[in-house]
Each structure stands twice: as C-alpha cells, then as structure tokens.
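Reader: Please take a close look at the packing in one part of this model. I would like cut-offs with every term, and short sentences.

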Amino acid sequence: MTQEDGELDGLVRKRIRALRVAQGWSLEELATRANLSQSSLSRIENGRRRLALDQLLTLARALDTTLDQLVETATDDVVISPTIDGVHGRMRWPVKGDPGISVVRQRLTEPPPDNPARMRAHPGREWLVVLSGTAILMLGHRRLRIETNQAAEFPTMMPHAIGAEGGPCEILGIFDRDARRGHQNEAPGRQSPAAPE
C-alpha cells in the first residue's frame, strides 16, 4: 500500500465514523442498517479490517451518501476566485459541487422600476441577502423592504425586480440554473436580483 493509498484509507474510515456520529447512530445502529456485524463495523472504523468495495457501497447507502462522496479526495481547488463584471458591478462564483448554482454579489444604486412591465418572470428560484444598505424587492404587486442582514427567497415565475432605497446597497444572491438563465439576456439598465452573466 502506498502512502497515498494509506491516506485515502484513513480518510474514508474517518468519514464513515463522522457520518455515523453526525446521524446520532451507535455502531450497532449503523451495523444493522448496513447489514454488517457491530464488530466488523468497529474494525472498519478503527483500521483493523480491510476496506472492501462491496462493504463501502453498502455503508455509503446506509449513511445516505454516495461511494464517490465517501472516497472523494479532490481538495485542490478549495479557494474560488470570482469572475468580475465591472460594467454591471457584479462578482460571480460558481458552486463546484453543483454547477447549476451561482453565487453573485452586486451593488445596486438605482431604485426598482416603477413600471411593472420592466419586471421579469422566468423558471427557477432565487435567494438573496442584503449585505449593506436597504433593498426594495418588487414581487408581483408587493413592494418588500429588505434591510441589512435580512434575506429573501422566492420563485422566479413571480414577476420581480430589485433596487436600492435611500442610497447604494449590496446584495449577495444564490441562483439555481433556471434563475441564472432567466437573467442572462437582461436588457442594460434593468434592475433585477443580482443577475449573473
């Protein structure tokens, strides 16, 4: 066994134990769920029994995870730098674990549009938090005031737009794939939640 194999082996054993403890399960409970003896599971966690692929698969299912997640070692790109759109005042970070999700930071200076025809509706969901200042979220016929550290989550099939109130505000938004696509072709000057590029 190489050093790298030994490190992966130890990591997998620690993950099994950590996932079991996080679920609040005893050795006996996980062993029952995985159809193993309690002593076999104890030896697996403590490194006194060889890890077999069939047992790892069974343990992954019992722990409500996947074999890939149980043996994953890719931690090279932990830090993610944003792509910056200076024209629209946006920074966007992709979420590697779910490529359909984007996190966007945006500075808003204009109030939301008065004209309901300028509001957008499209498939998806959006979540945003106001980092500083006060934002106004137009959602259908409602006008919602969102203060610093408050958040909003809404289905984007509801016509919506967002802007600042009483000066600039900064928001951080999380977009699913459909919500991100709904904002990609946004007309210049239109205010809406942290539209990612």
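Author: The answer below starts with the whole chain, goes into the core and its helices, and ends with the charged pairs.

This is a predicted model, in which local features need pLDDT of at least 70, side-chain atom pairs count only at pLDDT 80 or more, and totals for chains, interfaces and linings use all residues. Residues are numbered from 1 along each chain as its sequence is written, and side-chain values use heavy atoms, with hydrogens and water left out.

First, the frame. The protein chain has six helices and seven strands. Helices (H or I, at least four residues) and strands (E, at least two) are DSSP runs, numbered from the N terminus. Along the sequence the pattern is α-α-α-α-α-β-β-β-β-β-β-β-α. Of the 197 residues in the protein chain, 38% are buried. Buried means under 20% relative accessible area, exposed means over 50%, and partly exposed lies in between (1.4 Å probe, protein chains only). The exposed surface of the protein chain is about 11600 Å², and carbon and sulfur atoms supply 50% of it. Those areas come from the Shrake-Rupley method with a 1.4 Å probe; for residues, only the protein chains shown count as cover. Take contacts between residues at least 6 apart in sequence: 62% of them join residues at least 24 apart. Contact here means heavy atoms within 4.5 Å.

Now the core. The largest nonpolar core holds 16 residues. Such a core is a set of buried Ala, Val, Leu, Ile, Met, Phe, Trp, Tyr and Cys residues joined through side-chain atoms within 4.5 Å. I16, L30 and L59 have the most contacts inside this largest core. Four helices each supply at least two of its residues: α1 (3-22), α2 (27-34), α3 (38-46) and α4 (53-62). α4 gives the most, with four residues.

Look at L30. Set aside its neighbours within four places in sequence. L30 then touches I16, R20, W25, L41, L59, A62 and L63. A second core, separate from the largest one, has 13 residues, among them L108, L128, A135 and I171.

Next, the helices one by one. In α2, the buried residues are L30, A31 and A34. Down the helix axis, these buried residues of α2 fall within an arc of 100 degrees, so they line one face of the helix. The arc is taken from the directions from the helix axis to the C-beta atoms. E28 and T32 are exposed on the other side of α2. N35 follows α2, with a positive phi near 60 degrees.

In α3, the buried residues include S40, L41, S42, I44 and E45. After α3 comes G47, with a positive phi near 80 degrees.

In α4, Q55, L56, L59, A60 and A62 are buried. Seen down the axis of α4, its buried residues span an arc within 160 degrees, so they line one face of the helix. On the other side of α4, L53, D54 and R61 are exposed. D64 follows α4, and its phi is positive, near 60 degrees.

Last, the charges. A search of the whole structure finds six salt bridges. Each is a side-chain nitrogen of Lys or Arg within 4 Å of a carboxyl oxygen of Asp or Glu. One of them brings the story back to the helices: the side chains of E45 and R20 meet at 2.7 Å, N to O. E45 sits in helix α3 and R20 in helix α1, 25 residues apart, in distant parts of the chain. Both E45 and R20 are buried. R20 is also among the contacts of L30.

Compare the pairs on strands. R125 and E153 form a salt bridge at 3.3 Å, N to O. R125 is in strand β4 (residues 125-139) and E153 in strand β6 (residues 151-155), 28 residues apart. R125 is partly exposed, at 37% relative accessible area. E153 is exposed, at 52%.

R143 and E165 also meet in a salt bridge, at 3.8 Å, N to O. R143 lies in strand β5 (residues 142-146) and E165 in strand β7 (residues 160-175), so this pair ties together parts that are 22 residues apart in sequence. R143 is exposed, at 54% relative accessible area. E165 is partly exposed, at 25%. Through salt bridges that share partners, R143, R145, E147 and E165 join into one network.
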